[in-house]
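User: Hey, I've just opened this one and I'm new to it. Can you walk me through it?

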Amino acid sequence: MSDSGVKIEIRDMSNMLADRIDAVVRHLSLDAVPSYVSQNCLYPLNPTRADTNPGSFYIYLAGEKRGSWYDRATGDHGDALDLVAYVDFNRDLKKAYKWGLTWLGLSDVSAPEVHQRANDARLARARREKEAEAKAKKTRKAAQALWLGPRDEPNKRAVEGGLCDLYLKGRSIDMLGRCGELPGCVRETMKCKVPLGWLGPHGRSHVPALLLAVHNAQGFLACHRVYLDVTFDGDRPVAARKAMLEPVDLAQFNGKMPKNRSKFVYGDFWGGSIRIYRGPTGKRIGDLVSDDPTAITEGFENGCGLAVSLADTDDQYRIVASLSLSNMGNVELPDVIRTLTLVGENDGSEEARKAFERACQAHAQAGRDVFRVWPPAGVNDVNDMLTAGAQ
């Protein structure tokens, strides 16, 4: 409440801060080097943890999500007021609210002015949300079109000897031989356009790729692209591995090569997953009428590796991949799935461990029996175990 006695809703204050998000990030010193801006987002170091490379923590500076922020390394996220509380007040929203009253100049203004400013911010947010809904619908449609390919030359399903088969076998994953099938979520193309601001090997604008469908409970959500460097024998592909794309302008990353240079998601995948393997029942996830033990891995390759490792055993699962650790706890599953195994990775990060535990807790709170699985010490993930010849 302001000194004038006018109550200011937390949502309204967040809207007003979002309208001035550029000034907010300057106040919080989040725009300092080595932060960078890319496609309406600021990527700073996260001052609340031992963050050494910008990229996982980002804040929307414009567009329909203006003021929103996420940290993929920890799963933390929120609005503009949450950002102030998170960075400056150890997550204390009450202290951030009091700061906001002073910083926005609301402490001693008249009631009509407070109401007018709150209403203006509310209208601006409503416009952004309406734009976001329309944009999300358009993006989902475009992502599905990318996955399917042109009508006159649709993308191919994964088949024996195709790009997906070669790529997985190059990582010691023989899904066709061990599971009898390749993932139905995959489409293959020899000419997928690289993202804006990037170049493929030899400066190419189109590169072979695997296109992975991402679904949530409502349907198709996004398309995950894995760009490939393919070896040919004449016109026949004989091997495939990740293609390392090159940024057109390395300066936007402060001269340091980004870690992820082969995988990109088109669309918002929050809450979605890549449906890799249907398990022993073989049923579509939407057709389940009883519990079907399910496992969630972070990456597509680890999900495929898990399916291969457990083939012909009594411990087979339906397997989906969350695409990121921060999304693992948000993966939408039918209520009939009550038994869930989350598969971790040994990346050496304490923040990653905490994010994994939060994902476990989120699914447990949804009423599921949750089990945790980790690779042995010294091994990063399931795929590394297979590459080393272990089961």
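User: What radius of gyration does the protein have, and what would a compact globule have with 391 residues?

Analyst: The protein has 23 Å, and a compact globule of 391 residues would be near 21 Å, so the two agree. That radius is taken over C-alpha atoms, and the globule rule is 2.2 Å times the number of residues to the power 0.38. Before we go on: this is a predicted model, where local features need pLDDT of at least 70 and side-chain atom pairs count only at pLDDT 80 or more, while totals for chains, interfaces and linings use all residues. Residues are numbered from 1 along each chain as its sequence is written, and side-chain values use heavy atoms, with hydrogens and water left out.

User: How many helices and strands are there in the protein?

Analyst: There are 10 helices and 18 strands. Both are DSSP runs numbered from the N terminus: helices are H or I with at least four residues, strands are E with at least two.

User: What share of the residues is buried?

Analyst: Buried residues make up 47% of the 391. Buried means under 20% relative accessible area, exposed is over 50%, and partly exposed is in between (1.4 Å probe, protein chains only).

User: Okay, strand β3. Which residues are buried on each side?

Analyst: Strand β3 covers residues 57-60. Phe57 and Ile59 are buried on one side, Tyr58 and Tyr60 on the other, leaving both faces covered.

User: And which strands join β3 by bridges?

Analyst: Strand β2 (residues 41-43) runs antiparallel to β3, with two bridges between them. Here Cys41 stands opposite Tyr60. Strand β4 (residues 69-71) is antiparallel to β3 too, joined by three bridges, and Tyr58 has Tyr70 as its bridge partner there. Strands count as paired if DSSP finds at least two bridges between them.

User: Switching to helix α4. What do its buried residues pack against?

Analyst: They pack against α1 (10-19), α2 (21-27) and α3 (80-88). Helix α4 spans residues 93-103, and its buried residues are Ala96, Tyr97, Trp99, Gly100 and Leu101. Contact here means heavy atoms within 4.5 Å.

User: What happens just after α4?

Analyst: Gly105 takes a positive phi of about 70 degrees. At the start of α4, a side-chain oxygen of Asp92 comes within 3.1 Å of the backbone nitrogen of Lys94.

User: Last one, Asn216. Is that residue buried or exposed?

Analyst: Buried, with a relative accessible area of 10%. Asn216 lies in strand β9 (residues 206-216). Not counting residues up to four places away in sequence, Asn216 touches Leu221, Gly271, Gly272, Arg275 and Glu332.

How values were computed: Polar contact = N/O pair within 3.5 Å; in protein donor to acceptor, adjacent residues only side chain to side chain.
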